[in-house]
Amino acid sequence: MADRRVEAVIFDLDGVLTDTAEYHYLAWQAIADEAGLTFDRRANEALRGLSREASLRAILGDTELDAARFAELLERKNRRYLQLLASMGPDDLLEGAADLVAEVRRRGRLTAVGSSSRNARMVLERLGITDQFDAIADGDSAAAAKPDPGIFLAAAADLGVAPQRCVVVEDAASGVEAAHAGGMRAVGIGPADRVGDAELRFERTADVDVDALLGCSGPPGRC
Ligand code: G6P
Ligand code: MG
């Protein structure tokens, strides 16, 4: 049987280590309001983990925009998002996040970030935890964003660890799907209707049981 002992943990950033998910929501809501598009907090749930472009396509639905206007809205959303991040600091780490990463390292496993965000490195710097990761894969590390596995596979390759020996911690359905597509097991953070396909699930980052996380070494579908 394949050796699936967990050697590395790949953490999603937004919604797992910090609540930028809320800032992404606020920025999209402002853009949708300005552009007269229907959007709310519930619709935002489906955007977790999706790239900036895929998020706007999802918000637009059947509404068609020319390429210039599409690019303008993306640019405006990012500017708004960066404004919201301006005051971010180590206090914005989610409860338990720093301890979880530190404990995984203390137990001799490698750590990485795998985020669809092109702002991921900046956010990690602001949180003051960049040096806690052996690899960082972001929206520029792969040709396609989640649910494509490219970002997680880039993180695993950078770590030098086979995908089946990596576990991904994710708050988004698209991220759980990406982990599975890459041959990795997934630990979901959040409600079952969002991350129910993950092999293990916890309500919040602070609830993650490190023994269970590092013991998640069964075949796909089981821990
Ligand atoms: C993360 C978030 C998404 C966001 C994406 C791109 O995956 O969960 O909500 O759209 O990153 O982020 P960016 O900072 O590049 O716009
Ligand atoms: Mg996320």
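Relative accessible area under 20% counts as buried, over 50% as exposed and anything in between as partly exposed (1.4 Å probe, protein chains only). The structure is a predicted model, in which local features need pLDDT of at least 70 and side-chain atom pairs pLDDT 80 or more, whereas totals for chains, interfaces and linings use all residues. Residues are numbered from 1 along each chain as written, chains are lettered from A and ligands numbered from 1 in written order, and side-chain values use heavy atoms, without hydrogens or water.

**View 1. The ring pair of Phe11 and Phe133, which links distant parts of the chain.**
The structure holds two aromatic pairs (ring centres of Phe, Tyr or the six-membered ring of Trp within 6.5 Å; planes under 30 degrees apart stacked, over 60 edge-to-face, the rest tilted). In the pair shown here, the rings of Phe11 and Phe133 have centres 6.2 Å apart and planes at 70 degrees, so the arrangement is edge-to-face. Phe11 belongs to strand E1 (residues 8–11), while Phe133 sits in the loop between helix H6 (120–127) and strand E3 (135–137), and the two residues are 122 residues apart. These elements are DSSP runs numbered from the N terminus (helices H or I, at least four residues; strands E, at least two). Both partners are buried: the relative accessible area of Phe11 is 0%, and that of Phe133 is 8%.

**View 2. Lys77 over the face of Tyr81.**
Lys77 lies over the ring of Tyr81, at 4.7 Å from the ring centre. The description requires NZ of Lys or CZ of Arg within 6 Å of the centre and within 35 degrees of the ring normal.

**View 3. The surroundings of ligand 1.**
Around ligand 1 there are 14 residues (a heavy atom within 4 Å), of which the closest are Leu50, Arg52, Ser117, Arg118 and Asn119. Three polar contacts (N or O pairs within 3.5 Å; within protein, one atom able to donate a hydrogen and the other to accept it, and sequence neighbours only if both are side-chain atoms) are described here. A polar side-chain atom of Arg52 lies 2.7 Å from an oxygen atom of ligand 1, a polar backbone atom of Leu50 is 2.7 Å from an oxygen atom of the ligand, and a backbone N or O atom of Gly49 lies 2.9 Å from an oxygen atom of the ligand. On its own ligand 1 has 390 Å² of accessible area (Shrake-Rupley, 1.4 Å probe), and the protein covers 97% of it.

**View 4. Ser116 and the backbone of Gly49.**
Ser116 is found in the loop between strand E2 (110–114) and H6, and with a relative accessibility of 14% this serine counts as buried. A polar atom of the Ser116 side chain lies 2.9 Å from the backbone oxygen of Gly49, and Gly49 also has a backbone N or O atom 2.9 Å from an oxygen atom of ligand 1.

**View 5. Salt bridges along helix H4 and elsewhere.**
With a side-chain nitrogen of Lys or Arg within 4 Å of a carboxyl oxygen of Asp or Glu as the rule, the count comes to 23 salt bridges. Glu72 and Arg76 meet in one of them, at 2.7 Å from N to O, and being four residues apart in helix H4 (residues 67–85), the two are separated by about one helical turn. Glu72 is partly exposed, at 33% relative accessibility. The two residues also take part in a network of salt bridges that links Glu34, Arg69, Glu72, Arg76 and Arg80. In a further salt bridge, between Glu103 and Arg107, the closest N and O atoms are 2.8 Å apart, and Arg107 is partly exposed with a relative accessible area of 32%.

**View 6. The salt bridge of Glu7 with Arg165.**
The closest N and O atoms of Glu7 and Arg165 are 3.2 Å apart. This pair too links distant parts of the chain, with Glu7 in the segment before E1 and Arg165 in the loop between helix H7 (150–159) and strand E4 (166–170), 158 residues apart. Glu7 is partly exposed at 24% relative accessibility, and Arg165 is partly exposed at 23%.

**View 7. The cis peptide bond from Lys146 to Pro147.**
Most peptide bonds are trans. The bond from Lys146 to Pro147 is cis, with omega near 15 degrees, and Pro147 has its place in the loop between E3 and H7.

**View 8. Two buried helix residues, Leu100 and Ser55.**
Leu100, in helix H5 (residues 97–106), is buried with a relative accessible area of 5%; Leu100 and Leu17 are 83 residues apart in sequence and 9.4 Å apart in space, C-alpha to C-alpha. Ser55, in helix H3 (residues 52–60), is buried at 3%, and the C-alpha atoms of Ser55 and Asn44, eleven residues apart in sequence, are 8.7 Å apart.
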